[in-house]
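Here's a walk through one structure, from a sheet in one chain to the helices of the other. Keep the viewer open and follow along.

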Amino acid sequence: MRLAEITGAIQTAAGRVPRGVYAVIGFAIAAVFPLLNVAGVVETAWLRVGVVSLLFVMLSLGLNIVMGETGLLNLGYIAFFAFGAYTTALLSSPKFELQWPFLAVVVLSTLIAMVAGFVIGLPTLRLRGDYLAIVTLAFGEIVRLTIVNLQGLTNGPNGITGIYPPRLLGAEALEAAGSSGAAAWLVVDKPIEYYYLVLACVIVTSVLLSNLKNSRVGRAWNALREDELAAVATGITASRAKLLSVVLSAGIAGFAGSLFAYYSNVISPESFLFMQSVIVVCMVVLGGMGSIPGVIIGAIVLQALPQIIRQAAGAARSDFEVYRMLIFGILIVVMVIFRPEGLLPDKLWRREAREVDPRELEKTRQSLFDLEEGEKDLEV
Amino acid sequence: MASEQQQTPLLEFRDVQTFYGRIQILKGVNYQVHPGEIVCLLGGNASGKSTTMKTILGIVKPAKGQVVWEGEVINNLRTAERIKRGVATVPENRRLFPHLTVLENLEMGAYTRSDAAGIAEDLERVYEFFPKLAERRKQRAGTLSGGEQQMVAFGRALMSRPKLICMDEPSMGLSPALVDQNFDLIQQVNEQGVAVFVVEQNATAALSIAHRGYVLQGGRVVIEGTAADLLDNPELKRAYLGG
């Protein structure tokens, strides 16, 4: 009783704090984290974990648009990540001896992923549920196998190596002006620099997405997820709204893929396995579908947790990889049973997960009514 | 009634034919709905009633013939555009967004509009019309009783400020008492000047409030006339009214 009162008071107090405050605190912690490395408290390896976690945060934010907002399952999401990564690798590596400016490469990588999203989205959006899952799964595998076999373009399983580091806007100008020392500052090549670059991209993406969520577009996505026919009847053009969500989520994956290619310097088909798609799905489910803070937490937990366990396991680290997916699987099963709405749930998803679906209730009521009254009276 | 026939109909079907693949559903039908009228469309299963609804909304496009809105052919207009011009719908089984609140459901009805002041005004009008909904504005639509849900469905349709409301089987799945209440609501909404096109199997209830009616059979209109004529029609009596 007492405890319930206290937790209740905490909850109402917490409810009064505007959500933006939590976001600022969260991003501030993320921004301070690398300073611990500078101060020598944490190893650089953790900074690398941070960069990869942030890249997965972007992927989860992107997948959340289709899965969380619009309610479409995508099991081949990593393919869009691959489109972005390979576009970047081809435009900024010795492969074709190209070194396009960073901004142009990132934008083009995003656009190409969006085109891929459009091309796969257009014919498949009539499908639902299981069928959509199968088609997107196949799409992911087709893209990966194409990369493996299109040796002339992608170097097949060997991947593309020696991707040039990003040179931010103005680096060329400074170099031309003869101050190569200052230009070196604008070249992103240290983990800490990558960390801040990716963090900035994550912040921009999440701010844009949370605005979008509360816009007309966001409401249309949610309405489509709740009841497609009713949504169409209120004037939402279902195909257009769904396509927009698929294209946008593909674009975010392409953006993340581009940053990933720059950061990892080398990319190969191994980075785009089906399991990667599954992991991103897990991040969204664990964090809370439709919830932007939720999926950010989900991505960090699932990306950082294995690293922490690996460190803790010490000598047994080689064994850990074997059990990684098993642990993920158990975690997801436990979540679905005890907290199906995710760690930090979205308001609407919590209702969907926790409340009895009134449509089911209606069906039961209807069948009881039919038993009592008989169908004849209804039909006249 | 004769004078009403002179003016441009709100909605008109001219020899409309529709197909699902190679199967023809509507085999050349003609309907007219005039401003402020209640028109009912009667017919059994598989007669083409739901297809008529879908054709009005633009979910199904006619293969031949014309769908005319206020004198303009709208065959290829998207659903959203039609709603903007004044078509609203109360779908079969109401189809509310069950996890959204009453208010959120009503707001979805105004999805195609962007005039915030007008929307607020219409929201007040809906609350005035259905005081129960004002009381329950924060409640989830799915937890309301059947009758209240019907009010939300109506309110949602009214939120687009329609000239015509299309109702698909409003009596479906409701108890007899609620069916009466529902048809009262239709009349009340109609008294506000909104035309109503009711698709129904329950012929007695529909004809009791309608001005005119059409009877659809196998994709063709077999009987049409005023509600009084239809109630007296011996064929219809035999088929629907058990007379």
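Let's start at a strand pair: Gln217(B) stands opposite Arg220(B), which belongs to β10(B). One thing to keep in mind throughout is that this is a predicted model. It comes with an ipTM of 0.84 and a pTM of 0.86. For chain B the average pLDDT is 90, and 96% of its residues score at least 70.

**The sheet in chain B**

The pairing of β9(B), residues 212-217, with β10(B) is antiparallel and runs over 6 bridges. Zoom out and you'll find an open sheet of 6 strands in chain B, ordered β6-β7-β8-β3-β9-β10, with mixed pairing. Its edges are β6(B), residues 87-90, and β10(B), residues 220-226, each of which pairs on one side only. From one strand to the next, the twist averages 20°.

At the β6(B) edge, the pairing with β7(B) is parallel and takes in 4 bridges. Here Ala88(B) sits opposite Ile165(B) of β7(B). So much for the partners; what about the faces of the sheet? As a rule, side chains in a regular strand alternate between the two faces of the sheet. Are the faces of β6(B) covered or not? Both are covered: Val87(B) and Thr89(B) are buried on one side, and Ala88(B) and Val90(B) are buried on the other.

Two helices are worth a look here. Helix α7(B), residues 146-158, lies across β6(B) and β7(B), the latter spanning 164-168, and runs at about 170° to β6(B). Helix α8(B), residues 176-191, packs on the sheet too, touching β3(B) (38-43), β7(B) and β8(B) (195-200). The direction of α8(B) makes about 155° with that of β8(B).

**Three residues to click on**

Asn182(B) lies in helix α8(B). Leaving aside residues up to four places away in sequence, Asn182(B) touches Gln150(B), Pro170(B), Ser171(B) and Leu174(B). Take Pro170(B): it is 12 residues away from Asn182(B) along the chain, and their C-alpha atoms are separated by 7.3 Å.

The other two have a backbone quirk. Arg94(B) is not a glycine, yet its phi is positive, at about 70°. You'll find Arg94(B) in the loop between β6(B) and α4(B). Over in chain A, Glu97(A) also isn't a glycine and has a positive phi, near 50°. Glu97(A) is in the loop between β1(A) (92-93) and β2(A) (98-99).

How do these residues sit with respect to their surroundings? The counts are below.

| Residue | Other C-beta atoms within 10 Å | Status |
|---|---|---|
| Asn182(B) | 21 C-beta atoms | buried |
| Arg94(B) | 23 C-beta atoms | buried |
| Glu97(A) | 6 C-beta atoms | exposed |

Why does Arg94(B) count as buried? Because 23 other C-beta atoms lie within 10 Å of its own, and the cut-off for buried is 20 or more.

**Where the chains meet**

The contact between the chains takes 31 residues from chain B and 23 residues from chain A. On the chain B side, the elements that give two or more residues are α3(B) (79-85), α4(B) (102-109) and α9(B) (203-209). Which of these gives the most? That's α3(B), with 3 residues. By type, the chain B side divides into 14 nonpolar, 13 polar and 4 charged residues.

**Over to chain A**

Helix α11(A), residues 216-226, has 8 of its 11 residues buried, so it is largely enclosed by the rest of the structure. Among the buried ones are Arg219(A), Trp221(A), Arg225(A) and Glu226(A). Their cover includes α3(A) (44-70), α12(A) (228-233), α13(A) and α17(A) (347-354), together with α4(B) from the other chain.

Now follow α13(A), residues 238-264, to its meeting with α5(A), residues 102-124: their axes come within 7 Å and cross at roughly 145°. The crossing of α5(A) past α13(A) is right-handed. On the α5(A) side, the residues making this contact include Ser109(A), Ala113(A), Gly117(A) and Gly121(A), while those from α13(A) include Val247(A), Ala250(A), Gly254(A) and Ser258(A). In all, the contact divides into 14 nonpolar and 9 polar residues, with no charged ones.

Methods
Residues are numbered from 1 along each chain as its sequence is written. Chains are lettered from A and ligands numbered from 1 in the order in which they are written. This is a predicted model: local features need pLDDT of at least 70, side-chain atom pairs count only at pLDDT 80 or more; totals for chains, interfaces and linings use all residues. Two strands pair if DSSP finds at least two bridges between them. Axes are lines fitted to C-alpha atoms, for helices over the stretch in contact, and angles run from 0 to 180 degrees between N-to-C directions. Two residues are in contact if their C-beta atoms, placed from the backbone, lie within 7 Å. A residue is buried if 20 or more other C-beta atoms lie within 10 Å of its own, exposed if 12 or fewer, and partly exposed in between; C-beta atoms are placed from the backbone. Ala, Val, Leu, Ile, Met, Phe, Trp, Tyr, Cys and Pro count as nonpolar, Asp, Glu, Lys and Arg as charged, and the others, Gly among them, as polar. A crossing is left-handed if the near helix is turned anticlockwise from the far one by less than a right angle, and right-handed if clockwise. pLDDT is the predictor's confidence in each residue, from 0 to 100.
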